[in-house]
Amino acid sequence: MREITIAELKEQSKESYQLIDIRDEGSTVYGMIPGAICIPIKQLMENLDGCVNRIKNNVKVVIYCQRGEKSRDIAERLEEMGLDCYSLAGGCNKIALGHHYDDVIETILMGMLHGGQIQTMMPKLHSTNFEGMELIRPLYLIREEDICKWRDYNKLHFLQCACHFTETCSTCHEDGTTSSKRLETKKLIAKLKVDNPFIESNIFKSVENVNLSTVIAYKKDGVKHHFLDEY
């Protein structure tokens with residue numbers, strides 16, 4: 001059974017191969033590699049011959065799963081049926097989220113002002129719903145203003161999603177007020193920045209400089225620890 005890496009795949013024309021995502025629908029709902037078709041492994045195991053009819057002829061067939069293990073087994077079986085089949089090395093084990101630097105600092109401040117807690121968005125974390133899946137935020141250090149400039153330069157239109165982290169002026173009222181706590185926080189930070197140009201970076205760094213010796217209580221893995229426990 002042969003494997004192919006993402007780097008090797010990028011060197012080939014998109015017309016020369018077909019991507020098959022064999023993860024279940026619970027995983028693919030969070031995203032698929034562009035151009036791939038989904039044939040869950042359960043369907044392949046139950047009706048392999050029928051599923052083969054959905055695959056293009058005379059092109060490389062690249063199978064991928066979450067970890068790159070099950071895809072090897074399926075690729076081997078399809079290769080035995082005469083298909084030019086490969087398994088994508090490493091699988092598809094990351095979900096990229098679009099949160100940026102401004103989202104991070106707004107979340108920190110919102111947690112303190114409206115949630116009575118200190119927490120932040122993490123640049124990456126392991127999924128609690130899907131074993132082996134990792135959530136990453138590639139735009140973590142990119143400013144919203146720069147993203148908007150890049151969007152306008154390339155004449156792109158971003159979709160408004162239901163995530164509360166991406167609320168826009170669709171929540172603004174005619175009198176200029178808003179029901180969005182995130183937009184209120186954004187305006188507050190802008191106002192504070194007038195007197196302190198370092199306010200944004202200070203908010204960002206605040207969660208990097210937490211001194212547990214000066215914290216009344218904190219949570220770790222769901223367990224609350226109080227300073228009196230070791231006083």
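Tyr218 lies in strand β9 of this predicted model. The residue counts as partly exposed, at 34% relative accessibility. Beyond four places in sequence, Tyr218 touches Leu212, Val223, Lys224 and His225. Ile118 is 100 residues away from Tyr218 along the sequence. In space, the C-alpha atoms of Tyr218 and Ile118 are 9.1 Å apart.

Strand β9 spans residues 217-220 and is followed by a loop that leads to β10 (223-226). Asp221 sits in this loop. Its phi is positive, about 55°, although Asp221 is not a glycine. Asp221 counts as exposed because its relative accessibility is 71%, and the cut-off for exposed residues is over 50%.

A positive phi is also found at Lys155, again in a residue other than glycine. Here the value is near 55°. Lys155 belongs to the loop between α7 (144-153) and α8 (181-195). With a relative accessible area of 77%, Lys155 is exposed.

Gly35 provides another loop position. It is placed between α2 (25-28) and β3 (37-38). Its relative accessible area is 69%, so Gly35 is exposed. Leu125 lies 90 residues from Gly35 along the chain. The C-alpha atoms of Gly35 and Leu125 are separated by 27 Å.

The interior was examined next. Nonpolar side chains tend to be buried together in soluble globular proteins. In this model, the largest nonpolar core has 16 residues. Those with the most contacts inside this core are Ile20, Ile22, Leu44, Ile55, Ile63 and Leu78. Three elements, α4 (48-52), β4 (60-64) and α5 (70-80), each supply at least two residues of the core. A second core is separate and has eleven residues. Among them are Val104, Ile108, Met121 and Tyr140.

Ile22 shows the surroundings of one residue of the largest core. Neighbours within four places in sequence are left aside here. Ile22 is then in contact with Ile39, Pro40, Ile41 and Leu44. Further along the chain, its contacts include Ile63, Tyr64 and Cys65. Lys70, Ser71 and Ile74 are also in contact with Ile22. Of these partners, Leu44 and Ile63 are themselves listed among the residues with the most contacts inside the core.

At the level of the whole chain, nine helices and ten strands are present. The chain has 231 residues, of which 31% count as buried. Its radius of gyration is 24 Å. A compact globule of 231 residues would have a value near 17 Å. Along the principal axes, the C-alpha atoms fill a box of roughly 70 × 55 × 30 Å.

Contacts between residues with a separation of 6 or more were also considered. Residues 24 or more positions apart account for 58% of these contacts.

The surface was described by area and by charge. The chain exposes about 15600 Å². Carbon and sulfur atoms supply 53% of this area. The chain carries 29 positive and 34 negative charges. The mean positions of the two sets of charges are 3 Å apart.

Definitions and conventions. Residues numbered from 1 in each chain as written. Predicted model: local features only at pLDDT ≥ 70, side-chain atom pairs only at ≥ 80, totals over all residues. Heavy atoms only, no water. Core = buried A, V, L, I, M, F, W, Y, C linked by side-chain atoms within 4.5 Å. Buried < 20%, exposed > 50% of the residue type's maximum accessible area, 1.4 Å probe, protein only. Helix = DSSP H or I, 4+ residues; strand = E, 2+ residues; numbered from the N terminus. Contact = heavy atoms within 4.5 Å. Rg over C-alpha atoms; globule rule 2.2 N^0.38 Å. Areas by Shrake-Rupley, 256 points an atom, 1.4 Å probe, with all protein chains shown as cover. Lys, Arg positive; Asp, Glu negative; His and termini not counted. Charge placed at Lys NZ, Arg CZ, Asp CG, Glu CD.
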